[in-house]
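Visitor: I am new to this structure and would like a close look at a single part of it, the largest nonpolar core. Please place it in the whole before going into detail.

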Amino acid sequence: MPSAVEICNRALSRVGEARITSLTDDTKQARACNGAYLMVRDEVLRAHPWNCAIKRASLAKLSDAPDFGYDAQYQLPSDCLRVVEVYDTKLPWVVEGRKLLSDEGTPLKMRYVRREEDPNTMDSMLVSAIAARLAMELCEELTQSNTKRERAAVEYEALLSRAKGADGQEQSPMPFEEDDWVNARN
């Protein structure tokens, strides 16, 4: 079962650094991991609509409307890292700050990438991608080696690409809606 410490140790191993037993250890490696892990985890989660991190929500309209441009605004869930889809609407929507603005009525149904704090619920390839991205982040601080950092960046991009590919195959194909622009070629 992966933990934050195990993910950090995978990252440290990738850059040739000593392993840690806790994020609160009094070592340079633990302090670096403790400072970077949460940000890197959320960044990698936000980079793709991972199936293991998708959540659905119905949002109620807030009592105050935006000053202009949209009729309603909705408070995003506190664990929302990225809005993936707003259901049953052809109306435009936008995320501004921690609110979703739309002309859609209530309840507004959406899918989003949530902040997943338990690595045990994450796909194994996502865990590997987080470890590789963390290695890239820690490399400069711990090794002062640009060569290792560049190698870590290449490894991260390769792992991320493979993880996205595998994750994207675990659902039926999304229907393609033809519009006037697409139909104009006929």
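Guide: Read from the start of the chain, the pattern is α-α-β-β-β-β-β-β-α-α-α. That comes to 5 helices and 6 strands. The model is a predicted one, and what follows describes that model.

Some overall figures come before the core. The protein has 186 residues, and 41% of them are buried. Its radius of gyration is 20 Å, where a compact globule with that number of residues would have one near 16 Å. Along the principal axes, the C-alpha atoms fill a box of roughly 55 × 45 × 30 Å. The exposed surface is about 10900 Å², with carbon and sulfur atoms supplying 49% of it. The protein carries 25 positive and 31 negative charges, and the mean positions of the two sets are 4 Å apart. Of the contacts between residues at least 6 apart in sequence, 67% join residues at least 24 apart.

Now the core itself. The largest nonpolar core has 41 residues. The residues with the most contacts inside this core are I20, V44, W50, L126, L134 and L138. Two or more residues come from each of the elements α1 (4–14), α2 (28–46), α3 (124–143) and α4 (146–168). Helix α3 gives the largest share, 12 residues.

L138 is a useful place to look at who meets whom. Leaving aside residues up to four places away in sequence, L138 touches A11, L12, A32, C33 and A36. Apart from the largest core lies another one, of 12 residues, including A72, L76, V86 and M110.

Helix α1 also holds N9. Is N9 buried or exposed? N9 counts as buried because its relative accessible area is 4%, and the cut-off for buried is under 20%. Beyond residues up to four places away in sequence, N9 touches R19 and I20; I20 is one of the residues with the most contacts inside the largest core. N9 can also be placed against A135: the two are 126 residues apart in sequence, while their C-alpha atoms are 9.4 Å apart in space.

The loop between α3 and α4 holds Q144. Q144 is not a glycine, yet has a positive phi of about 55°. Most residues other than glycine have a negative phi, and most peptide bonds are trans. With a relative accessible area of 53%, Q144 is exposed.

The strands give a second setting to compare with the core. V95 sits in strand β4. Its contacts, not counting residues up to four places away in sequence, are with L76, V83 and L100. Of these, L76 is among the residues of the 12-residue core. V95 counts as partly exposed, at 36% relative accessibility. Between V95 and R82, 13 residues apart along the chain, the C-alpha separation is 9.2 Å.

Two further residues lie in the loop that leads to β4. D88 is in the loop between β3 and β4. Its phi is near 55°, a positive value in a residue other than glycine. D88 counts as exposed, since its relative accessibility is 68%. K90 also has its place in the loop between β3 (80–86) and β4 (93–96). How accessible is K90? Its relative accessible area is 72%, so K90 is exposed. K90 and E157 are 67 residues apart along the chain, and their C-alpha atoms are separated by 34 Å.

One more loop has a backbone feature to record. P107 is found between β5 (99–102) and β6 (108–114). The peptide bond from T106 to P107 is cis, with omega near -5°.

To return to the part you asked about: the largest nonpolar core draws two or more residues from each of α1, α2, α3 and α4, with the largest share coming from α3. The other core, of 12 residues, lies apart from it.

Conventions: Residues are numbered from 1 along each chain as its sequence is written. This is a predicted model: local features need pLDDT of at least 70, side-chain atom pairs count only at pLDDT 80 or more; totals for chains, interfaces and linings use all residues. Side-chain values use heavy atoms; hydrogens and water are left out. Helices (H or I, at least four residues) and strands (E, at least two) are DSSP runs, numbered from the N terminus. The radius of gyration is taken over C-alpha atoms; the globule rule is 2.2 Å times the number of residues to the power 0.38. Buried means under 20% relative accessible area, exposed over 50%, partly exposed in between (1.4 Å probe, protein chains only). Contact means heavy atoms within 4.5 Å. Accessible areas come from the Shrake-Rupley method with a 1.4 Å probe; for residues, only the protein chains shown count as cover. Lys and Arg count as positive and Asp and Glu as negative; His and the chain ends are not counted. The place of a charge is taken as NZ of Lys, CZ of Arg, CG of Asp or CD of Glu. A nonpolar core is a set of buried Ala, Val, Leu, Ile, Met, Phe, Trp, Tyr and Cys residues joined through side-chain atoms within 4.5 Å.
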